[in-house]
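Please walk through this structure by way of its open and enclosed spaces, and then by way of its aromatic rings.

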Amino acid sequence: MTRWAALPTVAAAAVIVLATTGGAGGVVRAARQAAAPISASTTTATGSSVLFAMGHFDSPENTFWELFLRPAGRSSWALQTPPGVASNGGLVVAASPSGALTVGFLTSALLKFSPLAESADEGTTWSPGELPFALTSTPDALAVGSTGDVLAVVGPKGQRVLQTSGNLSAWDTVTTKQSLAGAASSCGVQAVTAVAYSPAGQTLVGLRCAHGGRVGVLLSTGTSTWQDIGPSLGSGATAVTRLVHTPDGVAGLAQVQSGTLASVVGFWGNGSTAQWAGSATLSIPAGWSLEATATGGGSGQGLAVLLGSGQQRRVEVVTGPGASWVTLPPAPRRASAVSVIGTEVDAFVVANSHLAVWSDGPAGWSRAASITVPVPYGSSS
């Protein structure tokens, strides 16, 4: 296996949408794509990020995940995928309260561990790091705290949570899936699916639960001790899909499966107690699936999901606690990602190396920008 070398800090060309941009490099070979996470977008006070795949989707070695950033106050998205590592397996990104970004590369074929990249200047330069294991393929498998600490979920089934205090190549085990089973005994823990820091700096983990109708959220209350603080939904299997720090606390999104019925629900809290406020439940119609998620809309608490059936797409948004989901006009066909920035909602449509950004407005969706990305075809074969 060719390991990712400790690259020097690299200056990446920060090119705005409507200009030619550079994609992720292909230093590490990847012959087959691992199960990638769903596309995800996160908006914080310092900016927004969105992740999605581009390239030839019928050829995993020619499919590359890309990171686009939009700093606060900007009107355009910029391609800022960290260079030097093949991104065939997928990407995960986390932002600290200060705006510093940590990106993790998911494994694919010969890449058996997860390289990391960190940027404090909106993706202009990246510094390397490394996880000794494979990141779990979920949108919030990384979290960065206000002091620079980083949490990571590793293993194909979210078996372990690791933490570092700034050195992205030196990690300690925080807990394991097996250790958490007792703290969430009514859940039937199947996997750790998300991590986050509470506003008080405490560690939160999100779980996939086999039964019990409870959203699996655990709060670290000391060394090896955990408190089950997740909200109850009544019945069904649940999985925490998103778990993020917001200006008002913590926001999350959970998928629920009850028999043949699937749904999603948003939930909000202070991250330190079992007191949560939820959204209305959004049913996923038969034949439709969850394609992408977005967090941080409105005042920072808004959520959005992109549902798909064939080439059809629907965007549903919810503004915060107690609110109902609102269905936007039919989204552009084949959209693969969605973002929410304040009241603005963007959808991203990929056709090989071409990207179109659509914005929702009073007259419906309109094309806001387009770009041709130099996807590095052939670099991973």
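**Pockets, cavities and rings**

Lining the largest pocket are 48 residues, and those nearest its centre are Thr 44, Ala 95, Ser 96, Pro 97 and His 245. The model is a predicted one, in which local features need pLDDT of at least 70 and side-chain atom pairs count only at pLDDT 80 or more, while totals for chains, interfaces and linings use all residues. Residues are numbered from 1 along each chain as its sequence is written, and side-chain values use heavy atoms, with hydrogens and water left out.

A pocket here is an open set of points on a 1 Å grid over the protein atoms alone, with protein on both sides within 12 Å along at least five of seven lines, whereas a cavity is a set of points where a 1.4 Å probe fits but cannot get out; lining residues have an atom within 4 Å of a point. Volumes are the space filled by probe spheres set on the points, which are joined across faces, edges and corners.

The volume of the largest pocket is about 860 Å³. Its lining takes the largest share, five residues, from β19, one of the strands (DSSP runs of E, at least two residues, numbered from the N terminus). By class, 20 residues of this lining are nonpolar (Ala, Val, Leu, Ile, Met, Phe, Trp, Tyr, Cys and Pro), five are charged (Asp, Glu, Lys and Arg) and 23 are polar (the others, Gly among them).

The second largest pocket has a volume of about 310 Å³. It is lined by 20 residues, with Ser 137, Thr 138, Pro 139, Arg 208 and Gln 255 the closest to its centre, and β15, β19 and β24 each give two or more residues to the lining.

As for enclosed space, the whole structure holds two cavities of 30 Å³ or more. The second largest cavity, with about 40 Å³ of space, is lined by Ala 40, Thr 42, Leu 51, Val 93, Pro 139, Asp 140 and Arg 242.

Turning to the rings, there are four aromatic pairs (rings of Phe, Tyr and Trp, the last by its six-membered ring, with centres within 6.5 Å). The ring centres of Phe 52 and Phe 68 lie 5.3 Å apart with planes at 15°, so this pair is stacked (planes under 30 degrees apart). Phe 52 belongs to strand β4 (residues 47–55) and Phe 68 to strand β5 (residues 63–71), 16 residues apart, and the pair thus links distant parts of the chain. Phe 52 is buried (under 20% relative accessible area, with a 1.4 Å probe and protein chains only), at 0%, and Phe 68 is buried at 0% as well. Ring pairs link Phe 52, Phe 68, Trp 77 and Phe 348 into a cluster.

Note on methods. Rings of Phe, Tyr and Trp (its six-membered ring) pair if their centres lie within 6.5 Å; planes under 30 degrees apart count as stacked, over 60 as edge-to-face and the rest as tilted. Helices (H or I, at least four residues) and strands (E, at least two) are DSSP runs, numbered from the N terminus. Buried means under 20% relative accessible area, exposed over 50%, partly exposed in between (1.4 Å probe, protein chains only).
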